[in-house]
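Work through the exercises below with the model open. Each task is followed by a solution in steps.

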Amino acid sequence: MTSVAVVTGANQGLGLALVRGLARRLGEEGVVYLTARDRGRGEAAVRLLEGEGLRVRLHLLDVRDEASVEALAETVRTEHGGVDVLISNAAARITPDRPQSEQVREFVDTNNHGTYRMIRAFTPLLNDGARFVVVASSFGSLTNLPTGLHPRFDERSVSPEEIEAAMDEYAALVEAGQAKIKGWPDWINIPSKVAQVAAVRVLARQLGEEAGKRDVLVAAACPGLVDTEASRPWFASMAGALSPDEAAVDVLWLACAPAGSREGHGELVQHRRVLPYRF
Ligand SMILES: NC(=O)c1ccc[n+]([C@@H]2O[C@H](COP(=O)([O-])OP(=O)(O)OC[C@H]3O[C@@H](n4cnc5c(N)ncnc54)[C@H](OP(=O)(O)O)[C@@H]3O)[C@@H](O)[C@H]2O)c1
């Protein structure tokens, strides 16, 4: 049977390496969608992989655009009936040379609302045995937030919409220069990654026992520090970082977990180990 895989934000960085790994792994039997928001950058990435003897399909996708997410879901639905491996990896960058108050809206709209758009559109398309991985980060553990904020990201009691609303509230506070006084971290990647992991945990809660019966696994993954254009401006040296291809190995271990694997379901996983979400 043909396996269908989709990776978001896949024209460069970790996403491109994930597509490369999937195309190698699934071979001729698989269909791997390399999605990109820019046609030129997407086509260049496809050409690069074709030069390596790999076959992938390009589909345009801007996760900030609901219609674009729906269009990809419609393609997958009509052409394949569902998806087997879905990796939500797309992310906006933060640059150190501009205030975070100028960057927070796009960041939240891409990394949080974009992830949630993917969850909404693709959860109904998960085939039996599907693996759905959201690339987050070890910053996504609730332990990185002050305890007063924990209820906002407690998957046992919040709805997905409440998580997204909390992130809009946070973005407004950052824009107003009020985040720190209101008890939020001023580094926007921390609440954003916690909210991504919370969204995955809520999805696992909503799928309930059905996930186990249908062997559907949903998880968040931290790839570790990866040497990409996104991380480079923040470090004097990338000597300790993994290359995108190296970092992809453990993310793909999760995304291609064999039938019956439940390890990591509803959890944040880094280098094949579950990271605690709360104390
Ligand atoms: N690098 C690290 O050390 C590290 C560590 C922990 C977690 N992560 C996570 O790993 C993931 C990949 O990071 P990376 O370092 O590979 O980042 P990256 O090199 O900046 O790649 C991000 C990808 O997302 C795409 N993208 C941005 N906005 C988008 C949108 N609106 N719709 C669709 N695609 C969009 C980018 O496309 P364009 O080329 O068009 O901009 C690019 O292909 C992220 O979720 C990141 O948070 C990275």
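**Exercise 1. The bend in α6**

Task: In this predicted model, find where α6 bends and by how much. Then compare its end-to-end reach with the expected value.

Solution.
- Step 1. Locate the bend: it lies at L207 and amounts to about 80°.
- Step 2. Set the limits. α6 covers residues 189–213, which makes 25 residues.
- Step 3. Compare the lengths. From first C-alpha to last, α6 reaches 35 Å. The value expected at 1.5 Å a residue is 36 Å, so the two are close.

**Exercise 2. Positive phi outside glycine**

Task: Examine the phi angles of D215 and H271. Place each residue in its loop and decide how exposed D215 and H271 are.

Solution.
- Step 1. Recall the background: most residues other than glycine have a negative phi.
- Step 2. Read the angles. Phi of D215 is near 55°. Phi of H271 is near 50°. D215 has a positive phi and is not glycine; the same description fits H271.
- Step 3. Place D215. This residue follows α6 and sits in the loop that leads from α6 to β6 (217–222).
- Step 4. Place H271. Its loop lies between β7 (268–270) and β8 (273–275).
- Step 5. Count neighbours. D215 has 18 C-beta neighbours inside 10 Å, so it is classed as partly exposed. H271 has 16 inside 10 Å and is also partly exposed.

**Exercise 3. The environment of α1**

Task: Check the length of α1, then decide whether the helix is largely enclosed or open. Name elements that cover it.

Solution.
- Step 1. Test the length. The 14 residues of α1 should span 20 Å at 1.5 Å a residue. The end C-alpha atoms are 20 Å apart, which agrees.
- Step 2. Count the buried positions. They number 12 of 14, so α1 is largely enclosed by the rest of the structure.
- Step 3. Name some of them. Among the buried residues are G13, L14, G15, R20 and L26.
- Step 4. Find the cover. It includes the strands β1 (3–7), β2 (30–36), β4 (83–88) and β5 (126–135). The helices α2 (39–51) and α7 (244–255) also contribute.
- Step 5. Look past the end of the helix. G27 follows α1 and has a positive phi, near 60°.

**Exercise 4. Two buried helix residues**

Task: Compare R20 and V251. For each, establish the helix, the burial and the contacts beyond four places in sequence.

Solution.
- Step 1. Assign the helices. R20 belongs to α1, V251 to α7.
- Step 2. Test burial against the cut-off of 20 or more C-beta atoms within 10 Å. R20 has 24 such neighbours, so it is buried. V251 has 27, so it is buried too.
- Step 3. List the contacts. R20 touches L49, L54 and D245. V251 touches L18, V133, V135, A221 and P223.
- Step 4. Relate sequence to space. R20 and L49 are 29 residues apart along the chain, with C-alpha atoms separated by 6.9 Å. V251 and A171 are 80 residues apart, and their C-alpha atoms are separated by 29 Å.

**Exercise 5. The shell around the ligand**

Task: Describe the residues around the ligand by closeness, by element and by class.

Solution.
- Step 1. Take the shell as a whole. It holds 31 residues, and the closest are G9, G13, A90, T228 and A230.
- Step 2. Sort by element. α1 (13–26) and α4 (104–122) each give two or more residues. The largest share, three residues, is from α1.
- Step 3. Sort by class. The shell has 12 nonpolar, 12 polar and seven charged residues.
- Step 4. Characterise α4. Its end C-alpha atoms are 26 Å apart, against 27 Å for its 19 residues at 1.5 Å a residue, which agrees. The helix bends by about 30° at H113. It is mostly covered, with 14 of 19 residues buried.

**Exercise 6. The whole chain**

Task: Determine whether the radius of gyration agrees with that of a compact globule or departs from it. Add the element counts and the share of long-range contacts.

Solution.
- Step 1. Count the elements: seven helices and eight strands.
- Step 2. Compare radii. A compact globule of 279 residues would have a radius of gyration near 19 Å; the chain has 18 Å, which agrees.
- Step 3. Note the extent. The C-alpha trace spans about 55 × 45 × 35 Å along its principal axes.
- Step 4. Add burial: 47% of the 279 residues are buried.
- Step 5. Weigh the contacts. Of those with a separation of 6 or more, 73% join residues 24 or more positions apart.

Terms used:
Residues are numbered from 1 along each chain as its sequence is written. This is a predicted model: local features need pLDDT of at least 70, side-chain atom pairs count only at pLDDT 80 or more; totals for chains, interfaces and linings use all residues. Helices (H or I, at least four residues) and strands (E, at least two) are DSSP runs, numbered from the N terminus. The bend at a residue is the angle between axes fitted to the seven residues ending there and the seven starting there. A residue is near a molecule or strand if its C-beta atom, placed from the backbone, lies within 6 Å of it. Ala, Val, Leu, Ile, Met, Phe, Trp, Tyr, Cys and Pro count as nonpolar, Asp, Glu, Lys and Arg as charged, and the others, Gly among them, as polar. Two residues are in contact if their C-beta atoms, placed from the backbone, lie within 7 Å. The radius of gyration is taken over C-alpha atoms; the globule rule is 2.2 Å times the number of residues to the power 0.38.
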